Amino acid sequence: MQTYKSVWANCLKIIKDNLGPENEQVYKTWFEPIVPIQLEDNVLTIRVPTQFFYEWLEEHFIDLLKRTIRLQLGPNGMLKYSILMDTSIADQPISTNLPSTGRQAVINRAKDVPMFIGADENEQKITNPYIYVGVQKRKVPSQLNGNYTLENFVEGDCNRLARAAGYAVAENPGRTSFNPLLLHGGVGLGKTHLANAIGIKTKEKHPDSTVLYVTSEQFLQQYVEAVKNKNTNDFVHYYEMIDFLILDDIQFWASKGTHTQEAFFHIFNYLHQRNRQIIITSDKAPSELGTLEPRLLSRLKWGLAADLGTPDVDTRMAILKQKLANDGIEMPQDVIEYIAYNINTNVRELEGALVSLIAQSSLNHRQITLDLAKQMIDKFVKSNTREITIDYIQKVVCDYFKLPIDCIQSPTRKREIVQARQLTMYFAKKMTKSSLAIIGLQCGNKDHATVLHACKTVANLNETDKQFHFWVDELEKKFKE
Ligand code: ADP
Ligand code: MG
């Protein structure tokens, strides 16, 4: 009779064998900390300490794991991850000095690797919430992620309104006009973090209030389960106990879960009428959530919709510095700048780049230098099919001419600055996919005609002016470095 322990023990043997003695450290770092926890219907569940750990396994050892599991469990064998939410309670902390990323466990739904079901978002998740019915309210586990605090949430133009609204809500839950508070913005921009942070702050300020964080997916699963078990009443009562409800990723319900939405609609009304606070996040703006049930959608518009935008380069730099400080890691300023200038999509990727860089350096015993960062980030950027950014071009051009970077934005007509701005526009046109209008906007709020003119001027001077030709050449080399 195979048990989860025996299956995993056999897997470990195969893995160790495959990695060979020269990779003993790799084995120790990435496989020994794994704890098997369940075997059911050919699905082996293993527990890993952190989200980062899980991503690393998937990235680097997926083939090995896949082969090994199939050898043990047959062609239908599957592996499921469970991630310990709080990295501080991992049974066996990983031995290298990798940072605890504080990142939330994210389910990789779209992974096209059939054998991997993905990661359990939170081990303490309540699959059957109503077992708590009859239990004192304050026993409801809040499911908040303790790493996501307001103090850790770097403020920038991109999130000022949302952060301030969150703060107000935590001070005075249910009593402001921000009810519900809808936080929306693209993926990886901090919705989950901020929503959690507001919940944590609320608990600090109002220790008696019952705060609950739940993802829309969890809510849906729980509801479906309740219908199956014919105890939807208990389900509803459970939610009616909550003083402060955070529902994450409501866009998950778009075009599905009509009955779930209905159930939530009633819970929403119940809570709202009693001045209980509701926070909802969505990676779409309310106007794009047209596939939600209209009644529910109209409720979302009752309170405040606050947008989380993409952080500008200064905010990105501040976020990187904060993560480093939290993990007690030092990094040269030029490396931090390099990352901040080059990863401009969202905070999750920014963090991912930082974590990979630290991992690379610690696993290969290499110093974190600008060169290492360039190699890594270039790969990172390429693998995400992104290219050089306008921000980065501005930085290279300004560094080259020893000008302050904000001069590109200034209206000045000083010759050297005009030239730097024109060169920036020229390279931005050449090296990015941005439109002339966007380039103009980012280079001192100019219109597209100005950009076009700049591109022509530079092209001309490049042909006719020796000095100019030299600059273009030198800069081109810098971009290729
Ligand atoms: P979303 O829910 O919008 O997809 P998350 O809240 O999961 O995004 O954020 C992705 C990662 O970026 C998290 O690790 C989070 O801690 C981090 N993050 C996002 N915004 C900030 C910020 N303003 N300051 C610090 N960290 C941030
Ligand atoms: Mg989220």
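Begin by selecting strand E6, which is mostly covered, with five of its five residues buried. The strand spans residues 211-215. Val211, Tyr213 and Thr215 point one way from E6, Leu212 and Val214 point the other way, and all are buried. Please keep in mind throughout the tour that this is a predicted model.

**The sheet around E6**

Extend the selection to the open sheet of five strands, whose order is E6-E7-E8-E5-E9, with parallel pairing. E6 and strand E9 (304-307) stand at the edges with a single partner strand each, so one side of each is left without a neighbour in the sheet. From one strand to the next, the twist averages 15°.

Now display the backbone between E6 and E7, where five bridges pair the strands in the parallel sense. Threonine 215 has aspartate 248 in E7 as its bridge partner.

Move on to strand E5 (residues 181-184) and strand E8 (residues 277-282), which run parallel and are joined by four bridges. Here histidine 184 has serine 282 in E8 as its bridge partner.

Then add helix H8 (residues 258-273), which lies across strand E7 (244-248) and E8 and runs at about 140° to E8.

**Backbone features in the loops**

Most residues other than glycine have a negative phi, and most peptide bonds are trans. Three loop positions merit inspection against that background.

Select asparagine 179 and proline 180: the peptide bond from the former to the latter is cis, with omega near 0°. Proline 180 is placed in the loop between helix H4 (160-171) and E5.

Next, go to aspartate 249, in the loop between E7 and H8. Its phi is near 65°, a positive value in a residue other than glycine. Is aspartate 249 buried or partly exposed? At 23% relative accessibility, aspartate 249 counts as partly exposed.

Glutamine 143 lies in the loop between strand E4 (116-120) and H4. The phi of glutamine 143 is near 60°, again a positive value in a residue other than glycine. Glutamine 143 counts as buried, because its relative accessibility is 6% and the cut-off for buried is under 20%.

**Helices H10, H11 and H12**

Select helix H10 (residues 313-327) together with helix H12 (residues 347-363); their axes come within 11 Å and cross at roughly 45°. That angle makes H10 oblique to H12. H10 passes H12 in a right-handed crossing. Show the side chains where Arg316, Ile319, Leu320, Lys323 and Leu324 in H10 meet Val347, Leu350, Glu351, Leu354 and Ile358 in H12. By class, this contact has seven nonpolar, no polar and three charged residues.

Helix H11 (residues 333-342) is the next selection. Eight of its 10 residues are buried, so H11 is largely enclosed by the rest of the structure. Among the buried residues of H11 are Val335, Ile336, Glu337, Tyr338 and Asn342.

**Helices H17 and H18**

Finish with helix H17 (residues 448-464) and helix H18 (residues 466-480), which pack at an angle of about 115° with their axes 6 Å apart. H17 is therefore roughly perpendicular to H18. The crossing in which H17 passes H18 is left-handed. Which residues of H17 meet H18? Val458, Leu461, Asn462 and Thr464 in H17 meet Lys466, Phe468, His469 and Val472 in H18. The residues of this contact divide into four nonpolar, three polar and one charged.

Terms used:
Residues numbered from 1 in each chain as written. Chains lettered and ligands numbered in written order. Predicted model: local features only at pLDDT ≥ 70, side-chain atom pairs only at ≥ 80, totals over all residues. Heavy atoms only, no water. Axes fitted to C-alpha atoms, helices over the stretch in contact; angles between N-to-C directions. Helix = DSSP H or I, 4+ residues; strand = E, 2+ residues; numbered from the N terminus. Parallel < 35°, antiparallel > 145°, perpendicular 65-115°, else oblique. Left-handed = near helix turned anticlockwise from the far one by under 90°. Contact = heavy atoms within 4.5 Å. Nonpolar A, V, L, I, M, F, W, Y, C, P; charged D, E, K, R; others polar. Pairing = 2+ DSSP bridges. Buried < 20%, exposed > 50% of the residue type's maximum accessible area, 1.4 Å probe, protein only.
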